[in-house]
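I sat down with this structure and a coffee to see what I could look up before going back to the bench. My notes are below, in the order I made them.

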Amino acid sequence: MSGLTGAYVPGDSLLHRLPAGAKLAGLAASCTAFLLLRSPAALAGAAAAVVLLYVVSGVGVAAAWAQVRPVRWFAVALFGVQLVFADLPTAASSTLRVVLAVALAGLVTLTTRTSALMVCLERCLAPARFAGLDPFRLSLLLSLTLRSVPVIADLVSRVREAQRARGVERSPRAFAVPLVVGALRHADALGEALAARGLDD
Amino acid sequence: MIRLEDVHVRLGQREVLRGVTASLTERRVGVVGANGSGKSTLARLVNGLVLPCSGTVTVSGLDTRRHAARIRRGVGFLFTDPDAQIVMPTVAEDVAFSLRRKGLTREEVERRVREILERYGLGEHADHPAHHLSGGQKQLLALCSVLVLEPEILVMDEPTTLLDLRHSRQVAALLRTLPQQVVVVTHDLPLLEDFDRVLVIDEGRIVADAEPAAAIGHYRKMMA
Amino acid sequence: MTDEQSPPRRRFPAADVARVSVFAALIAVLGMPGALNIFGDAVPITLQTLGVMLAGAILGTWRSALAVVVLLVLVAAGLPLLAGGRGGLGVFTGPSAGFLLGWLPGAALTGWIVERGGRTPSTVRLVTACLAGGVGVVYLCGIPVQALVTGLSLGKTALLSAAFLPGDLAKAVLASIVARGTQRAYPDAVPAVHRERLRAGGR
């Protein structure tokens with residue numbers, strides 16, 4: 001892959017060894033179940049199960065926290081709002097529901113290689129071939145996007161330097177128009193190169 | 001053997017080429033001209049990326065209008081900006097992309113990729129992200145991805161414009177070693193010194209066609 | 001492909017593959033820290049929805065939706081391509097999953113409205129398209145999903161989301177200004193013009 005890497009933590013646990021498709025299906029089923037669980041006791045049971053799965057996976061506390069961290073303020077705000085409008089059990093269960101869904105999804109991310117997930121997701125998108133998008137093109141789109149991220153990031157810094165040189169640093173328009181035009185020029189050159197390399201033949 | 005017969009190309013409102021006739025048989029052909037003279041379009045005619053509005057372009061006897069796909073298999077094209085030509089995240093993947101439809105086994109693809117990367121000094125970078133390469137290395141990678149298909153003809157559109165002096169000299173030295181017929185569009189006049197033939201394009205027409213010294217002399221006078 | 005006569009026209013030619021990928025990458029890059037600070041460094045505002053609206057206005061309905069799909073697949077696979085380096089499946093089960101998935105129909109609607117504007121979509125049309133797609137549709141998808149996940153009522157969820165509305169409205173206006181500027185500088189950035197050119201077979 002490119003310099004970009006996912007959050008995958010190498011390991012050999014039962015969770016690591018499960019196929020990606022099974023994990024995705026399990027995640028979808030569990031998230032639906034979380035929405036249906038109403039009693040705080042049932043949710044507490046689910047929480048215990050998620051914690052147990054984390055222990056089995058052996059990914060470590062730091063990796064686990066990194067997955068849940070993005071929703072921490074949302075969880076606090078939700079708890080507060082629910083406490084005001086409803087009661088403590090409701091506040092606790094709805095906050096728990098949000099955290100559990102994110103934590104379980106994070107666990108799948110942590111125990112599945114990015115490439116394995118990508119293959120699995122590509123397969124889910126296979127029906128796109130009826131719209132003229134064959135599996136080869138689909139997987140090319142993903143690789144080409146990964147290849148383009150650093151190129152466009154370079155373009156951003158070049159445009160920003162030019163903008164600084166012209167003293168128009170503050171204007172978002174003076175930044176974004178050259179950036180988007182530059183991205184389009186790059187895209188069209190890339191399209192030409194793909195055609196030269198026989199993509200349309 | 002590349003043959004252009006009274007070729008006209010219009011892009012939008014602009015007439016980019018107006019009546020170009022030439023037959024290119026030499027091993028090293030250079031094309032020079034001012035910006036917007038139509039020389040890049042001329043290069044793109046050779047592999048069917050641009051089709052003539054009137055007139056015909058034939059490559060090894062095949063008309064680009066009817067056999068573009070087959071022609072592209074025999075004509076490699078190197079662009080100015082390697083970032084726009086490298087389509088895969090890592091070095092080896094990009095070269096392998098060229099071989100995708102050869103019907104080769106995975107081992108054979110890997111062997112050919114490794115071989116060409118080593119020949120051009122990129123062997124140790126095979127599994128590196130392409131964006132970690134220097135500008136010169138990226139151009140080499142783009143060249144590897146073209147040469148791995150062993151084209152009969154290689155067309156280059158300003159291959160040294162974005163390179164520093166050292167890397168453009170490296171590309172020039174490399175050009176001399178290639179067995180293919182090479183057509184190079186460039187502003188880099190020293191690159192063309194030992195070529196067999198140089199065309200000078202101005203406002204969509206060939207205005208000089210001679211051995212390098214005479215053609216480049218004409219071009220310098222024109223630009224003065 | 002056949003070598004005889006002109007090759008059959010691809011439904012999804014190389015030019016489109018490249019544009020879709022580059023815009024998916026552009027949306028990702030706009031989420032990187034310091035990509036563009038409208039209000040200085042103090043207010044961290046994700047500009048990714050700006051990228052989504054621009055994709056719609058420039059690529060048109062289907063291509064922009066595909067660019068969003070490509071980005072979301074990479075995110076789901078675990079790559080940190082969302083603002084703040086977020087990625088992984090957690091964002092699809094979290095409280096703002098609906099807003100994220102709303103990018104897809106959002107970009108498509110923006111593109112659809114712009115495409116109806118023909119070769120020279122007006123500024124009014126671009127603003128309408130960005131507001132309807134980039135704000136309207138995204139909120140319409142985001143709020144119900146958030147209400148479902150949190151158990152709060154729709155009304156309360158909408159009220160909470162209102163905090164982000166001023167920023168999003170500003171981004172929609174900025175997106176249309178940028179799209180307009182881009183389409184003036186590069187006429188091929190108008191979906192209808194691009195389509196005509198591809199049909200004409202030119203590159």
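These entries go chain by chain, then to the places where chains meet, then to single residues.

**Before starting**
I remind myself that this is a predicted model.

**Chain A**
I began with secondary structure. I counted nine helices and zero strands in chain A, so to speak an α-α-α-α-α-α-α-α-α run along the sequence.

Next I asked how the radius of gyration of chain A compares with that of a compact globule of 201 residues. I got 23 Å for the chain, where such a globule would have a value near 17 Å. The box that holds the C-alpha atoms of chain A is roughly 60 × 45 × 35 Å along the principal axes.

I then checked burial. In chain A, 48% of the 201 residues are buried. The exposed surface of chain A is about 9,100 Å², and carbon and sulfur atoms supply 68% of that area. I also looked at contacts between residues at least 6 apart in the sequence of chain A: 70% of them join residues at least 24 apart.

Last for this chain, I looked up charge. Chain A has 19 positive and 11 negative charges, and their mean positions are 8 Å apart.

**Chain C**
I found 10 helices and zero strands here. From the N terminus on, I read chain C as α-α-α-α-α-α-α-α-α-α.

Of the 203 residues in chain C, 58% are buried. I noted an accessible surface of about 7,800 Å² for chain C, with 67% of it belonging to carbon and sulfur atoms. Among contacts in chain C with a separation of 6 or more, 67% are between residues 24 or more positions apart.

**Where chains A and C meet**
I wanted to know how many residues of each chain are in contact here. I got 65 residues from chain C and 69 from chain A. Together the two chains bury about 5,500 Å² between them, and carbon and sulfur atoms give 77% of that. Which three residues of chain C supply more of its buried area against chain A than any other three? They are C:V22, C:L89 and C:Y186, with 10% of it.

**Chain B**
Here I counted seven helices and 10 strands. Chain B has a radius of gyration of 18 Å, close to the 17 Å that the globule rule gives for 224 residues, so I wrote it down as being as compact as a globular protein of that length. Its C-alpha atoms fill a box of roughly 50 × 40 × 30 Å along the principal axes.

I logged 55% of the 224 residues of chain B as buried. About 9,800 Å² of chain B is exposed, with 48% supplied by carbon and sulfur atoms. For contacts in chain B with a separation of 6 or more, residues 24 or more positions apart account for 65%.

On charge, I found 29 positive and 29 negative side chains in chain B, and the centres of the two sets lie 4 Å apart.

**Helix α3 of chain B**
Why did I note this helix, residues 91–98, as largely enclosed by the rest of the structure? Six of its eight residues are buried. I listed them as B:V91, B:A92, B:D94, B:V95, B:F97 and B:S98. Then I looked for what covers them. The cover includes α8 (135–165) and α9 (172–196) of chain A, along with α4 (106–119) and α5 (135–147) of chain B.

**Two glutamates with positive phi**
I picked out B:E158, a residue other than glycine with phi near 45°. B:E158 is in the loop between β7 (153–157) and α6 (165–177) of chain B.

I also picked out B:E203, which is not a glycine and has a positive phi of about 45°. B:E203 is in the loop between β9 (197–202) and β10 (205–210) of chain B.

Is each one buried or exposed? B:E158 has 12% relative accessibility and counts as buried, whereas B:E203, at 54%, counts as exposed.

**One leucine in chain C**
I finished with C:L174, which is in helix α9 (residues 165–185) of chain C. Its relative accessible area is 10%; the cut-off for buried is under 20%, so C:L174 is buried. I also checked its distance from C:V190, 16 residues along the chain: their C-alpha atoms are separated by 17 Å.

Methods: Residues numbered from 1 in each chain as written. Chains lettered and ligands numbered in written order. Predicted model: local features only at pLDDT ≥ 70, side-chain atom pairs only at ≥ 80, totals over all residues. Heavy atoms only, no water. Helix = DSSP H or I, 4+ residues; strand = E, 2+ residues; numbered from the N terminus. Rg over C-alpha atoms; globule rule 2.2 N^0.38 Å. Buried < 20%, exposed > 50% of the residue type's maximum accessible area, 1.4 Å probe, protein only. Contact = heavy atoms within 4.5 Å. Areas by Shrake-Rupley, 256 points an atom, 1.4 Å probe, with all protein chains shown as cover. Lys, Arg positive; Asp, Glu negative; His and termini not counted. Charge placed at Lys NZ, Arg CZ, Asp CG, Glu CD. Buried area = accessible area lost by both parts, 1.4 Å probe.
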